[in-house]
Protein chains: 2
Amino acid sequence: MTRQTKPRLSDVAKLAGVSLGTASNVFSYPAKVRPEVRERVHAAAERLHYLGPDPAARLMRRGKVNAIGIVAPAQFRTADALRNPSFQMFMCGVAEVCDEEGTNVVIIPDPAVSPAINSALVDAFIFGQVEHLSVARPAEMRKLPFVVVDFDGGEGVNSVRIDARTGGYLAAKHLLDLGHRRFAVMSFLRTFDPAIYHPPGPQRDGSIAGMPIDREKMEGYRRAFAEHGLNIDDIPVVQAHPWDKSAAALLLHHAPDATALLSMAAMQGVSLIAEAKRRGRRVPDDLSVVGFNDIPEAQHSDPPLTVIDARNAEKGRIAARMVFNPCQPTAKMLNPSLVVRGSTAPAMLSNRQS
Amino acid sequence: MTRQTKPRLSDVAKLAGVSLGTASNVFSYPAKVRPEVRERVHAAAERLHYLGPDPAARLMRRGKVNAIGIVAPAQFRTADALRNPSFQMFMCGVAEVCDEEGTNVVIIPDPAVSPAINSALVDAFIFGQVEHLSVARPAEMRKLPFVVVDFDGGEGVNSVRIDARTGGYLAAKHLLDLGHRRFAVMSFLRTFDPAIYHPPGPQRDGSIAGMPIDREKMEGYRRAFAEHGLNIDDIPVVQAHPWDKSAAALLLHHAPDATALLSMAAMQGVSLIAEAKRRGRRVPDDLSVVGFNDIPEAQHSDPPLTVIDARNAEKGRIAARMVFNPCQPTAKMLNPSLVVRGSTAPAMLSNRQS
DNA sequence: TCAATTACTTGGATCGTTTCAAAAAACGTG
DNA sequence: CACGTTTTTTGAAACGATCCAAGTAATTGA
């Protein structure tokens, strides 16, 4: 007998001398089968090198895949998701729970960029940083549980998000409390287009921040500034993709006298430190920098970057648990915290007085 | 009519007044269907909120999932894979190709740790850093194409690997050429056990390096040393998990007079720089460090770490292309290169003479 | 020993598509 | 309009398991 084709459960059943149904039970509900028979079936499976029920066929009947899908943030393809440090932390959190549950993780590009989501075989979806609820349509249509991240889905939708408003507030307040009064902001640009410089001015709208969550950070900054009689509209902003290496130079060029920088992304915070040092400015002596998201790079830069910890891993864990134990849909909000490291210091007296 | 259950293709076909087969063709081979009919079917699908063929059923018939699986390195669960910087780069490379092909990526724990691989719905497997060919059994049994990484699978098995021997050689030669003569090595421990100090001695065997690829690095070091009349067995080695933060201190404690450090992992290289600075040693003035794998952290440390670039992303791209265009199985070997950054400098004269 | 109870097994229906041979329709031509 | 081609459409048979009602065997109690 040539083993041309892969063994099916029916082959195993035949060899073991039992019915297909019984063989199926051996693999799916072993308790239902007499140990002796079970043994025989396993032996037959062994001999045929049968690896267990075909996942596709099982899925078909059972409707369960043993996998959950993480959908990349807006405009991201799979590779972008894997490259992004804060999303990596989020995925790690999700994966920790999946490892416990014994399920696989599928990474899926943003549906706006690729239709791959429609052919994704998963039991549930986690939509990473969401802009519109519409991305969740495929999940709703397929009646699969899902969670949206960093977005308020409203009634009846699971969501987890960080209180970015408070995060922004804490970042700005930290610098203000250190006596800083001359600021510049690095905000988030979703696309890979060149960085944009937004000069101070009262007419700036929400578009100077890339995602809903970034607008919230900005509001947090605004509130902290207001408490010190400053207006965010008077502060220069550069909007750039998190990996745009030219952005740091652009910001430092347009805000040469700022003593404190607020970055909405941790990577840009790290770049700002590097670029500042390159320009001969000492961090934190001449210039303080605060980033957002406590990524590993923030800890290894020199000096280590002070950041707002957006608790990405925890966010991932919570999101995963939500889809694993489907219950009343809830909107969970996490509290960020300030992690003070070496990139911030009191403003020098000379700067304070200005 | 209550829409309790999700619409099936047969519902769409009925509503559109065509046969099931034709409706199927509309979604799978539109060219086979008259535009007018196609239109009608699409309209019916629209009305029923039908999202396209059920992936599970399609998979069942077609045998294609539109996803490929990346299996985590030995002993790694999914979360470990996502946390490891050099494996991240590898996965990014894979993902880039998958994004082009429009397929999803599934991350699967090492079969030795979790059986999730048996229920993984993928069209092909990429086995990340492999120790034994046996991990590929599930792929062989299911007759799915696969590639093993950093391992020679022998005849008839696809593989991609870095020439780690040359990598090790380049790293050691770089330091030797700079005049260094007193070394210490940080090698790789697969488990989370405490770091192990291996004193110099002729009896040390392969176990002082964790994976096949690490033994190759060690051989590269040995060759370079031999060219300068040195013996690797006379050099202290600490073997540690890449994220074991205590390992750097252990190494510097046991090799206080080394002027050059060779690390088999980039993260440990970064840690060594940090720990050395903490102990008041200047890098690269007093101490040179070379790491392996050009991860982002290597670029952002201070000073930036000199590394061997193991071309992880390229490795991922090649692995992915191999499983997408199944052809004659090949064993592809990549050449590493030395990336000189700020963590290495000529040995001081006083050290040279010793 | 027989009926009642319990513990396993069985066979066939089913999941929602794709596939493919065969039938039907449409088309072109003399 | 009858004929041969070509283009479309049809209907039934897979794909490889799970599920369940119904049947058979083993066990118990009297």
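A polar side-chain atom of Tyr29(B) lies 3.1 Å from a phosphate oxygen of DNA strand C in this predicted model, a polar contact being a pair of N or O atoms within 3.5 Å (within protein, one must be able to donate a hydrogen and the other to accept it, and residues adjacent in sequence count only if both atoms are side-chain atoms). Leu9(B) approaches a phosphate oxygen of the strand through a backbone N or O atom, at 2.7 Å. From chain A, an N or O atom in the side chain of Arg34(A) is 3.0 Å from a phosphate oxygen of DNA strand C.

The model is predicted, with local features needing pLDDT of at least 70 and side-chain atom pairs pLDDT 80 or more, while totals for chains, interfaces and linings use all residues. Residues are numbered from 1 along each chain as its sequence is written, chains are lettered from A and ligands numbered from 1 in the order in which they are written, and side-chain values use heavy atoms, with hydrogens and water left out.

Around DNA strand C there are 25 residues, of which Ser19(A), Val37(A), Arg61(A), Leu9(B) and Ser24(B) come nearest; a residue is near a strand if one of its heavy atoms lies within 4 Å of it. Of the strand's atoms that come within 4 Å of the protein, 70% belong to sugar and phosphate. The nearby surface comprises 11 nonpolar, six polar and eight charged residues (Ala, Val, Leu, Ile, Met, Phe, Trp, Tyr, Cys and Pro count as nonpolar, Asp, Glu, Lys and Arg as charged, the others, Gly among them, as polar). At least two residues each are supplied to this surface by α2 (20-28) and α4 (55-62) of both chain A and chain B, and α4(B) gives the largest share, five residues. Helices here are DSSP runs (H or I, at least four residues), numbered from the N terminus.

Now to the two protein copies. A turn of 180° and a shift of 0.1 Å along the axis lay chain B on chain A with an RMSD of 0.2 Å, the copies being superposed by least squares on the C-alpha atoms of residues with pLDDT of at least 70 in both. The two are thus related as by a two-fold rotation axis. In chain B, Val106(B) has the C-alpha nearest the axis, 2.0 Å from it. Both copies use the same surface, since 98% of the contact residues of chain B recur in chain A, where contact means heavy atoms within 4.5 Å.
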